[in-house]
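Okay, thanks for squeezing me in. Let me put the structure up and then walk you through a few things that caught my eye.

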Amino acid sequence: MYLFTVFKKSFSRFFFWLVIMLLAIAPFVWISISHPHYLQNLNQIISQNKLFFICLRWLLILTIFCTWPRFIRYRAKQHYWKPEKTMFWLNQRLKITLWLVIFELVVCENLFLTLIHTLEGH
């Protein structure tokens, strides 16, 4: 019976977040289907303000790095974590930030393609 209760709780939590995400995406899907020319405008806006979005992503990564200890201590207090678990997650701050930086450089900044073009030029 306990296993069923845990499954029911986790499934309801998953279903709740799935519905929230689908509701958040629905306006974008509707706009892309009913007004495809707005997508071109959106692409133009993003390409014209590339520096702004780069700075925004780096600001979000910096925010995660700076607020990580406060967030973890809050979660630990809310969920009655053991001190070992809290220390583990506090120590993950640098690793998580480095993964975000690597992802930003490789995927968003296209680091590999830039390196290949630079090496081909020489």
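**Two cysteines, a helix and a core**

So, cysteine 108 comes out as partly exposed, with a relative accessibility of 31%. Cysteine 55 is in the partly exposed group too, at 45%. Keep in mind that this is a predicted model.

Now, how many disulfides does a search of the whole structure find? It finds 0. Why no bond for cysteine 55? Because the closest cysteine sulfur, the one in cysteine 108, is 13 Å from its own, and that's too far. A disulfide would need the two sulfurs within 2.5 Å. Cysteine 108, likewise, is in no disulfide.

Okay, on to the core. The largest nonpolar core has 5 residues: Trp68, Ile72, Ala76, Trp81 and Leu90. Which helix gives the largest share? That's α3, residues 50-79, with 3 of them. Leucine 90 is a nice one to click on: leaving aside residues up to four places away in sequence, it touches Trp68, Pro69, Ile72 and Arg73.

Let's stay with α3. Its buried residues include Ile54 and Ile61, and also Pro69. What do the buried residues of α3 pack against? Two helices: α4, which is 83-91, and α5, which is 93-108.

And α3 has a kink in it, about 55 degrees, at threonine 67. Shortly after that spot you get a proline, proline 69. Then, following α3, there's tyrosine 80, and its phi is positive, near 55 degrees.

Conventions:
Residues numbered from 1 in each chain as written. Predicted model: local features only at pLDDT ≥ 70, side-chain atom pairs only at ≥ 80, totals over all residues. Heavy atoms only, no water. Buried < 20%, exposed > 50% of the residue type's maximum accessible area, 1.4 Å probe, protein only. Core = buried A, V, L, I, M, F, W, Y, C linked by side-chain atoms within 4.5 Å. Helix = DSSP H or I, 4+ residues; strand = E, 2+ residues; numbered from the N terminus. Contact = heavy atoms within 4.5 Å. Bend = angle between axes of the 7 residues up to and from the residue.
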